[in-house]
Amino acid sequence: MPLYLNDEQVMLRDTTKQFVAEHAPVSHLRALRDANDSTGFSRDLWKQFAEMGFTSILIGEDHGGLGLGHVEAGVVLEEIGRNLSPSPFLTTAVAAVEALKGTAHAERWFPGIVAGDTVAALAIDERAKHGDAIAMTAERSGNGFKLSGEKRFVTHAHVADLLIVAARTSGADVDDAGVTLFAVPKDADGLSHETERLADSSLAARSRFDRVEVDADAVIGEVDNGRVVLERLLAAGRTGASAEMLGVGGGAMDMTVAYMKERKQFGAPIGSFQALQHRAAHLYSEMEVARAAVLKAQQLLDADDARADEAVSVAKAMTGLAATLAVQEGIQMHGGIGMTDEYDIGFYMKRARVLAEMFGDSNFHADRLARKAGY
Amino acid sequence: MMTDLDQFRRDTRAWLEANCPPEMRQPVRSEKDACWGGRNPDFQPGQKEWMDAMASRGWTVPDWPTAYGGGGLSAAQTKILREEMAAIHARNPLNSFGISMLGPALLKYGNEEQKLEHLPKIARGEIRWCQGYSEPNAGSDLASLAASAEDAGDHYIVNGQKVWTSYADKADWIFCLVRTSKESKQGGISFVLFDMASEGVSTKPILLISGYSPFCETFMDNVKVPKANRVHAENKGWDVAKYLLGHEREMISGMGLGSTGGNPLIEGAIATIGLNDRGELADPLLRAHLALFDVRSKAFAAMSERFIDELKAGQAHPAQPSMMKYYGTELNKARHELVMAAGGSDALEWESRGSSGGAKARAWLRTKANSIEGGTSEVQLNIIAKRILELPGA
């Protein structure tokens, strides 16, 4: 498979680009933020995403979805990133769908996702940094389990219809085995959320599980063997976050290059100064390399190739580096105006930081690659 | 269902398995270790067999037409061949400026006679080529070159000096930029080919900081060059030169990918520094540098794949080779800094039990030229800024 978009994917990109720019540009995020909106995104927009077919991209045709792949999901995510559109697309239509795919839960939750009614949240992190250790417990109780512990950085938790929760059914924190994934409905007794507004004005929760009782059929996949599902969820989430970061970094770079052409100092556009040209050209190179890494990861995931796991970590680490550079250069080259709330470039910096942290930052993934390579 | 490409992969795998000598399934350790062919070849064990076997199928230049000694493979087949070679760690059968630089230029600009004369010899590794571009006063500002070609009827009389001519002392023929008119800087240049054995051609190696002399000064004193050896129209050589530079940048950018098979950088670091009881390299900061380098290196491998795919589909931006050259060479320099850091004092030893010819140090020193030759990093960044980002001129 050649490493560029095919004709259908290019068409999808063009449609998506136009749709997202029109319905959810940066001003949409700004308006939600200024209104201190308590949902954090627009339900109407989520519904429109469904009408466009976006929410069904990764859902199989047997469930009324489009049966497309990570490349197509990434096309949508890149435009979401470029426009900083707040939406549960990454967590719900990408990561949660991949986790539920092929399990009994698909029947229950996919119709709502296809329709743009259902939102899923991912309760997988327990510390300020994403990691492999899972301490939260799921104790066997009668026909089901009792979940106890706290999860963090659970975006959309306060409005989610279900939470996908990683808990420990046996073993110690760091063990691979003994992890089980659960689909927990929002109204479960003992579940509470402390919702926090993050730097990018999105909402995430610290979610407490106080002996939350679930039936045995809440288990996603197999008991004690949940890493399989979790890895699938993470591969999709990491690749998706990478695609969204490409959009954030690319959007910041485009704004900056446009500004370099128009802003004059010393009687000349600042873009004519070689010192800035070289930095912009370097940034372009980093972004292009990151773009290739993301497409490679998406294609390998879609092909169910054994090399996908490594490629996903490369993509997440590389987009983290490139997008961070893009927003830093963006602020610096805009000068003082870049520091103002009124100007949009600062919004890009905030979103890039959140996405860089989500599902493991560049250091986490570089470390992961090193470990797998045996050093 | 078995597709034609699956079948091709299967056949290719079997053929490579049967024909690639064991010595050719190990990483290239130094520049000397690579096979260059030519009239006076310096073959290491296994090299000639491997080169001849690949050439017999046209696979030294798999995507060239069979009429010119190529394999006539499609883009997809070429990719499969590359993947299958990588899978058994097979070395490049033939390193050649003829393959990477002159060949593509001849395919585009050469006439039929020139193609039939030169391309098959390049494919079979019979003639080793060098590049006569730079001059003492025309480096980054290449178009200001002065070597002259005076019209003498059916031939030119060439006079002047070239510099940084890689392996001129080992090359059989040269592709050379000469000035055929002074009226216009870029519009007065012609692209000619001549035999290095011609009367009036002499070379002198330039000793570098690495202790090697891969580069030479090349002197031309009344050299007779038949007009039939001019590629493309008179005074239109700059078109050929630019086209060829794109391919040169592509070739140099490939250096950031390192050698095939294993990860010698990591293996070297582990051998010198050792692992701690958690199985991590015992120097945590070096480990972090290596890991972040690995991210960029693997991402760049994907970029190289994408670039080749886009080139073949005619989708690549014409200035994209500048990005590849810039990134690839900076990455290669970073790799060799890490090789030296990982090797410690062992890597510094010029002659010792563990090192002969200062292999690591020489390779490290050699890479410092990567961001100078073929257009400096700064020149590439200028090109990206102006031609891709369309930033204004000063």
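**Exercise 1. A loop residue of chain B**

Determine in which loop of chain B B:Asn235 is found, and state whether B:Asn235 is buried, partly exposed or exposed.

*Solution.* Step 1: in this predicted model, B:Asn235 belongs to the loop that joins β8 (230-231) to α6 (237-253) of chain B. Step 2: the relative accessible area of B:Asn235 is 23%. Step 3: buried requires a value under 20%, and exposed a value over 50%. B:Asn235 is therefore partly exposed. Step 4: the backbone is then considered. Most residues other than glycine have a negative phi. B:Asn235 is not a glycine, yet its phi is positive, at about 70 degrees.

**Exercise 2. A loop residue of chain A**

Locate A:Asp304 in chain A and describe its phi.

*Solution.* Step 1: the loop between α8 (274-302) and α9 (308-334) of chain A holds A:Asp304. Step 2: the phi of A:Asp304 is near 55 degrees, a positive value in a residue other than glycine. Step 3: with a relative accessible area of 70%, A:Asp304 is exposed.

**Exercise 3. The two chains as wholes**

For each chain, find how many helices and strands there are, and compare the radius of gyration with the globule rule.

*Solution.* Step 1: chain A contains 11 helices and 10 strands. Its radius of gyration is 21 Å, close to the 21 Å that the globule rule gives for 375 residues, so chain A is as compact as a globular protein of that length. Step 2: in chain B there are 12 helices and 8 strands. Here the radius of gyration is 22 Å, close to the 21 Å from the globule rule for 394 residues, so chain B is as compact as a globular protein of that length.

Step 3: the C-alpha trace of chain A spans about 80 × 50 × 40 Å along its principal axes, and that of chain B about 75 × 50 × 50 Å. Step 4: among the 375 residues of chain A, 61% count as buried; among the 394 of chain B, 52% do.

Step 5: the surfaces follow. Chain A exposes about 14500 Å², 49% of it supplied by carbon and sulfur atoms. For chain B the accessible surface is about 17700 Å², with 52% belonging to carbon and sulfur atoms. Step 6: chain A carries 38 positive and 54 negative side chains, the centres of the two sets lying 5 Å apart. In chain B, the mean positions of 45 positive and 49 negative charges are 2 Å apart.

**Exercise 4. The nonpolar cores**

Identify the residues that touch the most other members of the largest nonpolar core, and the helix that gives the most to this core.

*Solution.* Step 1: the largest nonpolar core has 161 residues, and A:Phe89, A:Leu147, A:Ile164 and A:Phe182 touch the most other members. Step 2: the greatest contribution, 16 residues, comes from helix α7 (residues 227-262) of chain A. Step 3: another core, of 38 residues, lies apart from it and includes B:Phe97 and B:Trp238. Step 4: beyond its neighbours within four places in sequence, A:Leu147 has contacts that include A:Met136, A:Phe182, A:Phe209 and A:Val214.

**Exercise 5. A helix and its packing**

List the buried residues of helix α6 (residues 105-115) of chain A, and state what they pack against.

*Solution.* Step 1: the buried residues of this helix are A:His105, A:Ala106, A:Trp109, A:Phe110, A:Gly112, A:Ile113 and A:Val114. Step 2: an α-helix has 3.6 residues a turn, so residues three or four places apart point the same way. Step 3: the buried residues of α6(A) pack against α3 (43-51), α5 (89-100), β4 (162-168), β5 (179-185) and β8 (219-220) of chain A. Step 4: after α6(A) comes A:Gly116, with a positive phi near 80 degrees.

**Exercise 6. Two buried polar residues**

Establish which residues are in contact with B:Asp309 and with A:His156, leaving aside neighbours within four places in sequence.

*Solution.* Step 1: B:Asp309 is part of helix α8 (residues 284-312) of chain B and counts as buried, at 8% relative accessibility. Step 2: B:Asp309 is in contact with A:Met1, A:Pro2, A:Leu3, A:Tyr4 and B:Lys79, its neighbours within four places in sequence being left aside. Step 3: A:His156 sits in the loop between β3 (144-155) and β4 of chain A; at 10% relative accessibility it is buried. Step 4: with the same neighbours excluded, A:His156 is in contact with A:Phe41, A:Ser87, A:Pro88, A:Thr91, A:Val119, A:Ala121 and A:Leu203.

Definitions and conventions. Residues are numbered from 1 along each chain as its sequence is written. Chains are lettered from A and ligands numbered from 1 in the order in which they are written. Side-chain values use heavy atoms; hydrogens and water are left out. Helices (H or I, at least four residues) and strands (E, at least two) are DSSP runs, numbered from the N terminus. The radius of gyration is taken over C-alpha atoms; the globule rule is 2.2 Å times the number of residues to the power 0.38. Buried means under 20% relative accessible area, exposed over 50%, partly exposed in between (1.4 Å probe, protein chains only). Accessible areas come from the Shrake-Rupley method with a 1.4 Å probe; for residues, only the protein chains shown count as cover. Lys and Arg count as positive and Asp and Glu as negative; His and the chain ends are not counted. The place of a charge is taken as NZ of Lys, CZ of Arg, CG of Asp or CD of Glu. A nonpolar core is a set of buried Ala, Val, Leu, Ile, Met, Phe, Trp, Tyr and Cys residues joined through side-chain atoms within 4.5 Å. Contact means heavy atoms within 4.5 Å.
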